[in-house]
Amino acid sequence: MYIQLPSTFQFIQKHLPANTKGLGITTLSKRNFFQSIGDFFADKSGKKRVSFVAVADTSITQLHFQGDDLIAENTIELSQLDHFYISEGQTPDGIIHHLSCDATVIISEKKMEDHHIKILPCLLGENASNVQVIQSIQWAQESKKALTDILKGWPEQIAKQKAKKAAEEAAKKAAEEAAAEAAQEASAAKE
């Protein structure tokens with residue numbers, strides 16, 4: 001399924017992964033002092049920074065835009081995750097419902113990296129102007145529902161992956177032990 005975007009979001013269509021099922025807005029990534037100064041002047045020129053989250057069945061991609069220009073992208077695959085937790089909440093004013101996702105990504109056998117992603121409905125249009133068209137608001141809510149449905153299933157999928165990996169490792173260890181035992185018996189039989 002290829003996601004159909006309202007006209008206010010057409011500028012990001014070419015940057016979305018082909019299997020995107022839901023789209024949301026996320027909080028902006030941390031910026032250093034010089035980047036913040038650049039953001040201030042870009043905002044004055046009408047090219048605000050906006051970060052989107054594209055969710056597929058097995059990945060979540062953050063897309064950071066400055067106006068219509070993609071400035072950064074980060075994808076987390078379900079297969080890379082050691083832990084994933086999702087909860088629903090509201091903005092402090094109680095108006096907008098959002099999702100809070102905490103993910104632990106396996107970098108290597110001894111190193112993991114934590115990510116926090118807050119996902120809000122796409123109620124912002126091009127260059128972060130408010131969406132006023134009812135169809136766009138309905139689309140944003142449907143998109144949020146689609147990505148919520150996908151992400152709520154991730155913890156169970158991760159648990160299944162871990163159980164499968166543990167079973168494979170146990171079977172491998174048992175096979176190695178059986179082979180070592182057979183080798184000892186063969187060595188003892190020769191003597």
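Trp-154, with a relative accessibility of 0%, counts as buried, and this residue of the predicted model offers a convenient point of entry into the fold. Its partner is Phe-84, and the two rings form an aromatic pair that is tilted, with 5.1 Å from centre to centre and 55° between the planes. The pair links distant parts of the chain, since Phe-84 belongs to strand β5 and Trp-154 to helix α3, 70 residues apart. Phe-84 likewise counts as buried, because its relative accessibility is 7% and the cut-off for that class is under 20%.

**Overall architecture**

The secondary structure of the protein chain comes to 3 helices and 7 strands, and read along the sequence these elements follow the pattern β-α-β-β-β-β-β-β-α-α. Of the 191 residues in the protein chain, 35% are buried.

**Aromatic contacts**

The structure holds 4 aromatic pairs, and one of them joins Phe-52 and Phe-65, whose ring centres lie 5.8 Å apart with the planes at 80°, so that this pair is edge-to-face. Phe-52 sits in strand β2 (residues 49–55) and Phe-65 in strand β3 (residues 59–66), and the pair therefore ties together parts that are 13 residues apart in sequence. Phe-52 is buried, with a relative accessible area of 1%, and Phe-65 is buried with a relative accessible area of 1% as well. These two residues also belong to one aromatic cluster, which is formed by Phe-11, Phe-52 and Phe-65.

Another buried position is found in strand β4 (residues 69–77), which contains Ile-76; this residue counts as buried at 5% relative accessibility. The C-alpha atoms of Ile-76 and Val-55 are separated by 9.9 Å, and the two residues are 21 residues apart along the chain.

**Salt bridges**

Side chains of opposite charge can pair when their charged atoms come close. The structure holds 5 salt bridges, including the three in the following table.

| Residues | N to O distance |
|---|---|
| Lys-162 and Asp-82 | 3.3 Å |
| Glu-88 and Lys-152 | 2.7 Å |
| Lys-160 and Glu-156 | 3.4 Å |

What places do the two partners of the salt bridge between Lys-162 and Asp-82 have in the chain? In this salt bridge between the side chains of Lys-162 and Asp-82, Lys-162 lies in helix α3 (residues 154–190) and Asp-82 in strand β5 (residues 81–90), so the pair links distant parts of the chain, 80 residues apart. Lys-162 counts as partly exposed at 41% relative accessibility, and Asp-82 is also partly exposed, with a relative accessible area of 23%.

Strand β5 takes part in another salt bridge through Glu-88, whose partner is Lys-152, the closest N and O atoms being 2.7 Å apart. Because Glu-88 lies in strand β5 and Lys-152 in helix α2 (residues 134–152), this pair ties together parts that are 64 residues apart in sequence. Glu-88 is partly exposed, with a relative accessible area of 49%, and Lys-152 counts as partly exposed at 46% relative accessibility.

The salt bridge between Lys-160 and Glu-156, with 3.4 Å from N to O, has both of its residues in helix α3, 4 residues apart, which is about one turn of the helix. Are these two residues buried or exposed? Lys-160 is exposed, and so is Glu-156, the latter with a relative accessible area of 52%. Glu-156 can also be set beside the aromatic pair described at the start, for its C-alpha atom is separated by 9.3 Å from that of Phe-84, although the two residues are 72 residues apart along the chain.

**A charged patch**

Which residues form the negative surface patch? The patch is formed by Glu-176, Glu-177, Glu-181 and Glu-185. Among them, Glu-177 is found in helix α3 and counts as partly exposed at 48% relative accessibility.

**Helix α3 and strand β5 together**

Taken together, these contacts return repeatedly to helix α3 and strand β5. The two elements are linked by the tilted ring pair of Trp-154 and Phe-84 and also by the pair of Lys-162 and Asp-82. The rings of the former belong to residues that are buried, as stated for Trp-154 and for Phe-84, whereas Lys-162 and Asp-82 are partly exposed.

Definitions and conventions. Residues are numbered from 1 along each chain as its sequence is written. Side-chain values use heavy atoms; hydrogens and water are left out. A salt bridge is a side-chain nitrogen of Lys or Arg within 4 Å of a carboxyl oxygen of Asp or Glu. Buried means under 20% relative accessible area, exposed over 50%, partly exposed in between (1.4 Å probe, protein chains only). Patches are made of residues with over 30% relative accessible area and no salt bridge: like charges are joined within 9 Å, nonpolar side chains (Val, Leu, Ile, Met, Phe, Trp, Tyr) within 5 Å. Accessible areas come from the Shrake-Rupley method with a 1.4 Å probe; for residues, only the protein chains shown count as cover. Lys and Arg count as positive and Asp and Glu as negative; His and the chain ends are not counted. The place of a charge is taken as NZ of Lys, CZ of Arg, CG of Asp or CD of Glu. Rings of Phe, Tyr and Trp (its six-membered ring) pair if their centres lie within 6.5 Å; planes under 30 degrees apart count as stacked, over 60 as edge-to-face and the rest as tilted.
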